Structures are given as structure tokens and as C-alpha cells.
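User: Please pick one part of this model and walk me through it slowly, as I am new to reading structures. Then show me how some charged side chains pair up elsewhere in the chain.

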Amino acid sequence: MGSRIILHVDMDSFFASVEVRDRPDLRGKPVVIGADPKGGKGRGVVSTASYEARAFGIHSAMPISTAYRLCPDAVFLPPDFSKYVPTSERIFAILSGYSPDVLQVSIDEAYLDIVSAVDFEGATVVGRRIKDEILMKERLTCSVGIGPSRIVAKIASDFRKPDGLTVVRPKDVEGFLGPLPVEKIPGIGRKTAATLHALGIRLVGDLAAVDVQELSAHFGKWGLVMHELALGRDAYEFRSGKASRSIGRETTFEQDTGDPPVVLEKLDRVSEQVHRALVREDLTFRTLTVKIRFEGFETRTRSRTLERRARDLETISGLARDLLSGHLSGRKIRLIGVRLSGLEEGGEKQKTLAEF
Ligand code: TTP
Ligand code: MG
């Protein structure tokens, strides 16, 4: 057959599903996981929500308060990594039984090179077995996508969630991707999508058909990458759609505060979180951006780019404190965030997910 066969696995509403598994009384209920939920009255954001909660319009990254407004009867729980990390490790142990080449890209997601399968029929059988074994051993469902490239496999796993299995053969790639909205391509967020829409490009098929010169005029190299992805080709060894271009975390204060020790303490914790994500994905960074939102929602960002790439916590915390210090004038702050960009593969693989 000659073509590569890639299988992408992504757990369904991962944190919420683990909570429901461990507390059968939650089964069938809308469950929302998010930092500091305070029964729905907290100021954090939603990490994830069960599919029952999603029916109310609740989704990741939405403020807890909005989720509460949409569904006051939902069960609100804080994330408990002491459950998710060991579960994730056991799932990756299962996956490693199916391929010598498993690329883990987040706590609940991986690409497998299905070298053992001779064709897509064989790969489909492997996909079913993986789903069965994870369900039997972990009592959790996942969605699987199979395709001739990572990008196709990834979009396929998302196609019929939850508990899906979608197989896209090489001859079907164009027909599968073409009618999807451009936002389905990992990395195309609201901003890129808005620019594409303004150019009359709404569907992946439109993007695939457009002249690359035009794309590169608007987006530079990212335009060429997008075009390749729209054709179902892996433009580069991207690690995960979400993580490949930057890693960011932010946190909202329970009450707006202008107290420097309180702000700096929180900033250090956010720095630790981005550092852990960086190490987990085996990346280094060049640019750090601090985001500050003052009371009343006025938002500022400040960035600095290093001459040499780094990955250590001291550099991250130091830079973040430096960039923030100019804004500690007593004015009350609502939210702070740290983002790392200019990411590249790190080299020394540190596989300790336990550090999550
Ligand atoms: P995802 O796989 O993106 O989401 P999910 O597994 O909850 O739901 P889906 O069925 O759509 O795959 O992320 C995996 C976990 O990562 C998720 O359970 C919680 C965490 N997460 C956050 O904490 N914040 C976020 O913004 C996102 C997207 C995920
Ligand atoms: Mg998932």
C-alpha cells in the first residue's frame, strides 16, 4: 500500500470522565471541572466538561461563572491531577503495546505509527482493539482517528466524539477535509480564522484551493504550513495543534489585588505551570510574554526575547517577574498570565508526566 498509517487517540472529556468513573453517582449528570469552582461561584475557568454539560453550551476555557449561568445544576469540581496523571500513564502503557512509535502530545492524546498493519482494514482492527482495551481496563472511552498523516488522523479523531472511530483512506482525504470549517485545523484559532474569512476562505477545501502566494503574503510561513495541512499533509513535525505554537497559562485572582507579594506569588505559580508544560513536551523557548489584566478589564502584554533558548524555571520566573514589575504600581490586577513562544524541540527527553 506504501502509505503511512497514523492513528490518533484522544480521550473523551478526559478529566470529567475520570471523575465520573470514580464517582458513579455523577454518571449522566453535567459535570464541570475547573480551578477553584466554589460550587460554580468561583472566578476560575473551565478545564473541561462532561458531554452532558456541553449540551448546555459549556466548554473548556470558559469562565466558571458563565458555566454556572448556563447550568446552575451542574456539579462543579476542582481538577485532581493525582487521579488524572496515573490514569494517563496507564493509558499510554496500553498504547505502547500497539506500536513501538507512540508520540504523546498531551495528557490525553497520542499519535501511533501503525507499522504492523498492512492496510487501513488492519489499522481499523487495531483501532477497535485499542478502544476495547482502554474501556475494559480503565472504564473510559476515547475517540480514534486513522489516516495517512498526523493531521488527517487528528482531525478524524475529533470527527465523531465521544467514543468515535473514523478512518480516512488516502483516496478519501480530499472529500473528508474539504467540507470542514477551517477552524478544524489545529492552530487555526479565532484570529487566523477571521483573517481567512475576510479573504473568503471558510472551508478547508477553500484553503486547499487558494494560491499559496496569497496565503504567504498574508501569513508568511504560517500560510504555507496552513496550506499543506489543508491538503492533509504534515507540514512539519508538529507536536500538538494546541501546544506547537505557544504554551500559556493564566489565572484570575479571587479578588482584584494590587498587593505586590500576592501578585508575585501567583505569578510564580503560573511560571511553574508553563515550565512544567514546556518540560513535558520536551521543548525550549525564546520569547516570554506576560499578560496583565487590570480591574475594569484593561489588558496589557509585555514580551522579551532571549538571545539563547532556555527551558529552566529560574529563567522563566525571573523574566516574568521582571516584565511584571513595571506594572506593580498599586493599581488593582484581575488576571495574570505567562506565555512561552518561539518553541523548539528540546533534545533531552524528560518523560516524567508525574511532573504535570
Ligand atoms: P482535550 O482532549 O482538549 O479535551 P477533553 O478530553 O476534556 O474533551 P474531548 O472529548 O473534546 O477530547 O483536553 C484534555 C484535558 O486537558 C481535559 O480533560 C482537561 C485539560 N484541559 C484544560 O485543563 N484546559 C483546556 O483549555 C483544555 C482544552 C483541556
Ligand atoms: Mg480529549
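Analyst: Let's start with a term we will need: a residue is buried under 20% relative accessible area, exposed over 50%, and partly exposed in between. Asp256, with a relative accessible area of 25%, is therefore partly exposed. Keep that scale in mind as we go.

This is a predicted model. Its protein chain has a mean pLDDT of 90, with 94% of the residues at 70 or more. Some stretches score lower: pLDDT stays under 50 over residues 237-243, and also over residues 347-356.

Our chosen part is helix α5, which runs over residues 120-138. Its 19 residues reach 26 Å from the first C-alpha to the last, close to the 27 Å expected. At the start of the helix, a side-chain oxygen of Asp119 comes within 3.3 Å of the backbone nitrogen of Glu121. Just past the other end, Arg139 takes a positive phi of about 55 degrees.

Now look along the helix for residues that are buried. Among them are Phe120, Ala123, Val126, Ile130 and Ile134, and the charged residues Lys131, Glu133 and Glu138 also belong to the buried set. The elements that cover these buried residues include the helices α1 (14-22) and α4 (81-96), along with strands such as β1 (6-11), β6 (109-113) and β7 (142-147).

Glu138 leads us to the charged side chains, as Glu138 is linked with Arg21, Asp22 and Arg90 in a network of salt bridges. Altogether, the model has 27 salt bridges.

Strand β6, one of the covering elements, takes part too. Asp113 forms a salt bridge with Arg4, their closest N and O atoms being 3.5 Å apart. Asp113 lies in β6 and Arg4 in the segment before β1, so this pair ties together parts that are 109 residues apart in sequence. The two partners differ in accessibility: Asp113 is buried, at 15%, whereas Arg4 is partly exposed, at 38%.

Finally, back to Asp256. Its side chain meets that of Arg43 in a salt bridge of 3.1 Å, N to O. This pair links distant parts of the chain, 213 residues apart: Arg43 is in the loop between β2 (31-34) and β3 (46-49), and Asp256 is in strand β9. Arg43 has a relative accessible area of 27%, so Arg43 is partly exposed, as Asp256 is at 25%.

Key:
Residues numbered from 1 in each chain as written. Chains lettered and ligands numbered in written order. Predicted model: local features only at pLDDT ≥ 70, side-chain atom pairs only at ≥ 80, totals over all residues. Heavy atoms only, no water. Helix = DSSP H or I, 4+ residues; strand = E, 2+ residues; numbered from the N terminus. Expected span 1.5 Å × (residues − 1). Buried < 20%, exposed > 50% of the residue type's maximum accessible area, 1.4 Å probe, protein only. Contact = heavy atoms within 4.5 Å. Polar contact = N/O pair within 3.5 Å; in protein donor to acceptor, adjacent residues only side chain to side chain. pLDDT = per-residue confidence, 0-100. Salt bridge = Lys/Arg side-chain N within 4 Å of Asp/Glu carboxyl O.
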